[in-house]
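User: Could you take me through one part of this molecule slowly? I would like a close look at the place where the ligand sits, and I am new to reading structures.

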Amino acid sequence: MNRQSAKVFAAIVVACFLVATRASAQFAVPAPAKPDGATLFSRQCGTCHIATAEGGPRQGPSLYGVFGRKAGSVAGFAYTGAYAESGIVWDAQTLDTYLTNPQAMIKGTVMAYRQAAPAIRQTIIAWLKDQH
Ligand code: HEC
């Protein structure tokens with residue numbers, strides 16, 4: 001190896017080292033934390049629902065105090081689906097079934113949302129339980 005190619009070789013070694021250390025630095029970044037109930041609610045339900053005492057309904061009724069509430073019972077909200085007639089009371093189980101497929105549970109409902117992932121449903125439901 002002459003001087004020139006030795007220099008080139010050294011430069012390549014340094015470049016490889018830099019690439020390798022940068023790559024390993026990326027692997028060291030911790031995985032992002034799983035979104036909590038408040039974040040999930042805001043992303044997945046917040047366009048259509050509020051869960052606070054103050055504020056008017058959006059496309060869907062307020063979910064403030066939804067736990068223990070009879071379906072279809074928010075005064076002044078014009079439900080489309082047969083909520084009141086369903087006799088359902090909202091709790092962890094009924095909400096879980098509902099969020100999996102609202103149309104399968106409430107006849108005629110227009111709520112355009114379904115969540116197939118149990119962990120996401122349960123995180124949102126646990127958070128909703130505290131909003132009262
Ligand atoms: C695209 C808008 C939209 C999204 C997103 C949405 N909803 Fe709804 N939701 C509605 C509408 C509209 C109704 C009323 C449906 C009707 O009258 O048929 C409703 C009804 C409900 C009801 C029944 C309330 C009652 O008073 O009986 C619950 C519970 C509910 N939604 C929970 C949720 C949750 C929790 C999420 C998020 C995981 C969510 N919804 C996402 C639009 C939405």
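Analyst: Happy to help: here is a walk from the whole protein to the ligand and its surroundings. Please keep in mind that this is a predicted model.

Let's begin with the setting. The protein has 132 residues, and 28% of them count as buried. Its secondary structure consists of 6 helices and 0 strands, so if you follow the chain along the sequence, the pattern you read is α-α-α-α-α-α.

Now to the place you asked about. The ligand takes up the space of the largest pocket. How much space lies in the largest pocket? The figure is about 510 Å³. Three elements, α2 (37–44), α4 and α6, each give two or more residues to the lining of this pocket. The lining is made up of 30 residues, and those nearest the centre of the pocket are H49, G60, P61, Y98 and M111. The largest share of the lining comes from α4, with 3 residues. Sorted by class, the lining holds 19 nonpolar, 10 polar and 1 charged residues.

Next, look at the ligand itself and ask what surrounds it. Its shell consists of 27 residues, with C45, C48, H49, Y79 and M111 the closest. Two of these names may ring a bell: H49 and M111 are among the residues closest to the ligand, and they are also among those nearest the centre of the pocket.

Which helices take part in the shell? Both α4 (92–100) and α6 (118–129) supply at least two residues. Here, too, α4 gives the largest share, 3 residues. By class, the shell has 18 nonpolar, 8 polar and 1 charged residues.

Finally, let's zoom in on single atoms. Three places on the backbone are worth finding in the viewer. At T80, a polar backbone atom is 2.6 Å from an oxygen atom of the ligand. At G72, a polar backbone atom lies 2.8 Å from a ligand oxygen. At G81, the distance between a polar backbone atom and an oxygen atom of the ligand is 2.9 Å. A polar contact is a pair of N or O atoms within 3.5 Å, so these pairs qualify as polar contacts.

To put the picture together: the ligand occupies the largest pocket, its shell of 27 residues includes C45 and Y79 among the closest, and backbone atoms of G72, T80 and G81 each face a ligand oxygen at the distances given above.

Definitions and conventions
Residues numbered from 1 in each chain as written. Predicted model: local features only at pLDDT ≥ 70, side-chain atom pairs only at ≥ 80, totals over all residues. Heavy atoms only, no water. Near = heavy atom within 4 Å. Polar contact = N/O pair within 3.5 Å; in protein donor to acceptor, adjacent residues only side chain to side chain. 1 Å grid on protein atoms, 1.4 Å probe; cavity = no way out; pocket = protein on both sides within 12 Å on 5 of 7 lines; lining within 4 Å. Sits in = over half its atoms within 2 Å of the grid points. Helix = DSSP H or I, 4+ residues; strand = E, 2+ residues; numbered from the N terminus. Nonpolar A, V, L, I, M, F, W, Y, C, P; charged D, E, K, R; others polar. Points joined across faces, edges and corners; volume = space filled by probe spheres on them. Buried < 20%, exposed > 50% of the residue type's maximum accessible area, 1.4 Å probe, protein only.
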